Amino acid sequence: MFENYEIPDTGFYLRDTLTVSKDLLGKFLVRKFRSRYAAVKIVETEAYIGGHDPASHAFGRITKRNSVMYGPAGRAYVYFIYGNYFCFNTVCGKEGEGNAVLIRAGEPAAGSDLMKKYRPRPKNELELTNGPSKLCMALNIDLEMNSSDITNPENSVFIADSRKKDKFEIITSKRIGLNKGSDFPYRFFIKDNPYVTRHKFNNVLL
DNA sequence: GACAAGATTAGCT
DNA sequence: GCTAATCTTGTCT
C-alpha cells in the first residue's frame, strides 16, 4: 500500500532540524517485512541538535555510537538504551552537524496484527506504540537498521507521506526524560492525539 | 579493566 | 508516583 505514497527525499531532512521535527508529524514510519507492511502515523517527535545541545548524543566528540548522527541526512539513527530498549531517530541537517529527530510516539496505521506479534499483550491499544521504545518493539526495529537510508522504499524501514494531508494542531513543549538540556522547547506533538505520551508538560504551551 | 549514567518501561504501592 | 531491571557506551585509570 505504501508504494504509492510520497517519499520525502534527502532534501526534506537537510533543512533546519526543528522544522523537520514538526514536518515529520502526520507522516508514516513504515516497516517493510517480507511481503507486508506495518506502519504508524508519527504523532510525537523531539529534536536533538549537535554541538550546543547538552542532551544530544552528539554534544561531545564523534564516537562509535553517535557517528551516524554526523553522517548524511535521511538515515536512521538507532541506539540501544537501559539494557533493554531501542530508540529510532532520523538524521537531519548538513553532514557533520550531528542533528537528529527522535520519533517518540505513533498511531498504528497498517499491519497492527504484525505489531502485536512483535509486541505481545500490550495492556491496551494505546500501549502498542505510545512510547519511543514501544514503537521500536512493535515495528521490530533494532540495530540492524542503524544508518539505513529512510528515503528508499526498498529498504526495511522508511518514511512515507500520504498524498491526502490531515489537518492538525502542533503543540510545542520541553523534552522528556532528560537530566541535561531539559529546558529546550524541542518536543512537538499532535494536539489531542491519544497516542502522545502522557506527561505534565503536555499542558504547558510554549 | 573499572565504573557510572542513560532520549525507557513495567510493575507495584 | 516511585523504582528496579538491565547492559552498552564512553570516560578515566
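Q: Which element gives the largest share of the surface near DNA strand B?
A: In this predicted model, α4 does, with 3 residues. Other elements that give two or more residues to that surface are β3, β4 and β5.

Q: What makes His57 a residue near DNA strand B?
A: The cut-off is a heavy atom within 4 Å of the strand. His57 is among the 23 residues around DNA strand B, and it is one of those that come nearest. Tyr79, Tyr85, Asn89 and Ser133 are the others named as nearest.

Q: Why is the pair between Arg119 and DNA strand B called a polar contact?
A: A polar contact needs N or O atoms within 3.5 Å. A polar side-chain atom of Arg119 lies 2.9 Å from a phosphate oxygen of the strand, so the pair counts.

Q: How do you know that Tyr85 makes a polar contact with DNA strand B?
A: An N or O atom in the Tyr85 side chain is 3.1 Å from a sugar or linking oxygen of the strand. The limit is 3.5 Å, so this pair qualifies.

Q: What part of DNA strand B does Ala55 meet?
A: A base nitrogen, 3.5 Å from a polar backbone atom of Ala55.

Q: Why is Tyr79 called a lining residue of the largest pocket?
A: Lining requires an atom within 4 Å of a pocket point. Tyr79 is one of the 30 residues that line this pocket, and is among the closest to its centre. The pocket holds about 750 Å³ of space.

Q: Which residues make up the lining of the second largest pocket by class?
A: It divides into 4 nonpolar, 2 polar and 7 charged residues.

Note on methods
Residues are numbered from 1 along each chain as its sequence is written. Chains are lettered from A and ligands numbered from 1 in the order in which they are written. This is a predicted model: local features need pLDDT of at least 70, side-chain atom pairs count only at pLDDT 80 or more; totals for chains, interfaces and linings use all residues. Side-chain values use heavy atoms; hydrogens and water are left out. On a 1 Å grid over the protein atoms alone, a cavity is a set of points where a 1.4 Å probe fits but cannot get out, and a pocket is an open set with protein on both sides within 12 Å along at least five of seven lines; lining residues have an atom within 4 Å of a point. Grid points are joined across faces, edges and corners, and a volume is the space filled by probe spheres set on the points. Ala, Val, Leu, Ile, Met, Phe, Trp, Tyr, Cys and Pro count as nonpolar, Asp, Glu, Lys and Arg as charged, and the others, Gly among them, as polar. A polar contact is a pair of N or O atoms within 3.5 Å; within protein, one must be able to donate a hydrogen and the other to accept it, and residues adjacent in sequence count only if both atoms are side-chain atoms. Helices (H or I, at least four residues) and strands (E, at least two) are DSSP runs, numbered from the N terminus.
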